[in-house]
Amino acid sequence: MKKKTIGVLTSGGDSPGMNAAIRAVVRTGIFNGLTVLGVKKGYEGLIHGEIEEMQLSSVADIIHRGGTMLQTARSKEFMTEEGRQKALNIMEVFGMQGLIIIGGDGSFRGALELAKLGAQVIGVPGTIDNDIAFTDYTIGFDTAINTVVDAIGKIRDTTSSHNRANIIEVMGRNSGDISLYAGLAGGAESIIVPEVGYDVDDVCKRIVQGRNRGKLHSIIILAEGVGGAFEMAKTIEEKIGVETRVTILGHVQRGGSPTAFDRVLASRLGARAVELLINGRTARMVGIYKNEIADFDLEEVLKSRKEFSEELYTLARILSI
Ligand code: ADP
């Protein structure tokens with residue numbers, strides 16, 4: 001019997017740990033006797049046939065590297081029916097019977113459309129935002145929050161020296177998880193997330209109460225989905241007269257060597273994705289759910305909103321009084 005051929009691509013925003021996932025797909029595939037094709041630049045590269053067979057050695061020395069060795073892209077053409085048909089044709093030409101898509105929710109929407117045309121697809125959640133339902137964590141989130149925690153420590157040093165407040169704006173799109181987890185781990189005085197919103201008087205009160213207890217600094221961590229960092233700084237200065245600086249962390253949160261947690265998660269999810277293809281499954285997403293590796297219907301995943309942890313948010317508020 002002819003060997004089954006599968007493909008792997010990374011799409012949309014990159015995240016640390018994508019390389020570890022690619023490595024897991026390639027090595028699990030080859031271990032199981034499959035031919036594994038690497039597709040460059042996401043759906044854009046698929047449409048244009050930027051495809052190469054992967055060997056065990058193609059993924060050597062990448063588990064610790066940030067970014068994605070297959071590169072990633074956003075593809076306007078793939079948003080069209082014709083574009084997706086072209087992608088499907090290319091899959092046929094290369095004998096690709098299944099495709100693993102490592103990316104975020106946009107990439108999964110594309111994957112689902114491809115599945116509707118008859119392709120066998122499996123999604124692996126790779127995004128720093130942690131905004132995908134049915135997976136407690138996405139690949140890259142842990143590395144991103146560790147980057148933010150590191151930044152909080154550094155900013156606290158300088159903020160304390162000057163007796164200031166500092167608003168740190170973090171990524172996450174409409175999700176507050178980076179703000180919440182990094183804020184809790186970094187001991188931020190205020191954590192602001194789009195799921196809850198904020199009251200500027202509450203933020204000011206926390207700064208004043210902290211000062212009265214002898215605190216030299218105040219760190220406010222703000223999710224980009226809320227926005228308005230500079231206006232907030234101005235309002236705080238006007239209301240309580242505390243010099244307030246703004247730090248927008250930006251793309252530094254997307255880079256860096258993945259943490260051990262992200263490497264292990266990516267390895268497990270990548271391997272499970274291959275097993276699903278071998279078992280003939282399609283339109284599934286692999287995830288870590290209640291601490292177990294599991295898989296879910298991709299359409300269901302995309303219809304559901306990731307649950308925000310009220311419990312963690314409440315705890316963070318209690319611990320930062
Ligand atoms: P992410 O996967 O990080 O959320 P994007 O939202 O940019 O990133 O999506 C990546 C790519 O997936 C897009 O450039 C596009 O080619 C494809 N895609 C996104 N949404 C759809 C959709 N509704 N239908 C088809 N393809 C889509």
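**Notebook: the largest pocket and the ligand**

I looked up the largest pocket and noted a volume of about 510 Å³. It is lined by 28 residues, and S11, G12, R74, G106 and S107 are the closest to its centre. The model is a predicted one.

I then sorted the lining of the largest pocket by residue class: eleven residues are charged, eleven polar and six nonpolar. Helix α4 contributes the most to this lining, with six residues.

Next I asked what takes up the space of the largest pocket. The ligand does.

I turned to the shell around the ligand. There are 17 residues around the ligand, and R74, S75, G104, G106 and S107 come nearest. By class, I found eight polar, six charged and three nonpolar residues in this shell. Helix α4, residues 105–116, supplies the largest share of the shell, six residues.

Which polar atoms of R74, G104 and D105 face the ligand oxygens, I checked one by one. For R74, an N or O atom of the side chain is 2.4 Å from an oxygen atom of the ligand. For G104, a polar backbone atom is 3.0 Å from a ligand oxygen. For D105, an N or O atom of the side chain lies 3.2 Å from an oxygen atom of the ligand.

Last, I looked up how much of the ligand is covered. On its own the ligand has 550 Å² of accessible area, and the protein covers 82% of that.

Key: Residues are numbered from 1 along each chain as its sequence is written. This is a predicted model: local features need pLDDT of at least 70, side-chain atom pairs count only at pLDDT 80 or more; totals for chains, interfaces and linings use all residues. Side-chain values use heavy atoms; hydrogens and water are left out. A residue is near a molecule or strand if one of its heavy atoms lies within 4 Å of it. A polar contact is a pair of N or O atoms within 3.5 Å; within protein, one must be able to donate a hydrogen and the other to accept it, and residues adjacent in sequence count only if both atoms are side-chain atoms. Accessible areas come from the Shrake-Rupley method with a 1.4 Å probe; for residues, only the protein chains shown count as cover. On a 1 Å grid over the protein atoms alone, a cavity is a set of points where a 1.4 Å probe fits but cannot get out, and a pocket is an open set with protein on both sides within 12 Å along at least five of seven lines; lining residues have an atom within 4 Å of a point. A molecule sits in a cavity or pocket if more than half of its atoms lie within 2 Å of its grid points. Helices (H or I, at least four residues) and strands (E, at least two) are DSSP runs, numbered from the N terminus. Ala, Val, Leu, Ile, Met, Phe, Trp, Tyr, Cys and Pro count as nonpolar, Asp, Glu, Lys and Arg as charged, and the others, Gly among them, as polar. Grid points are joined across faces, edges and corners, and a volume is the space filled by probe spheres set on the points.
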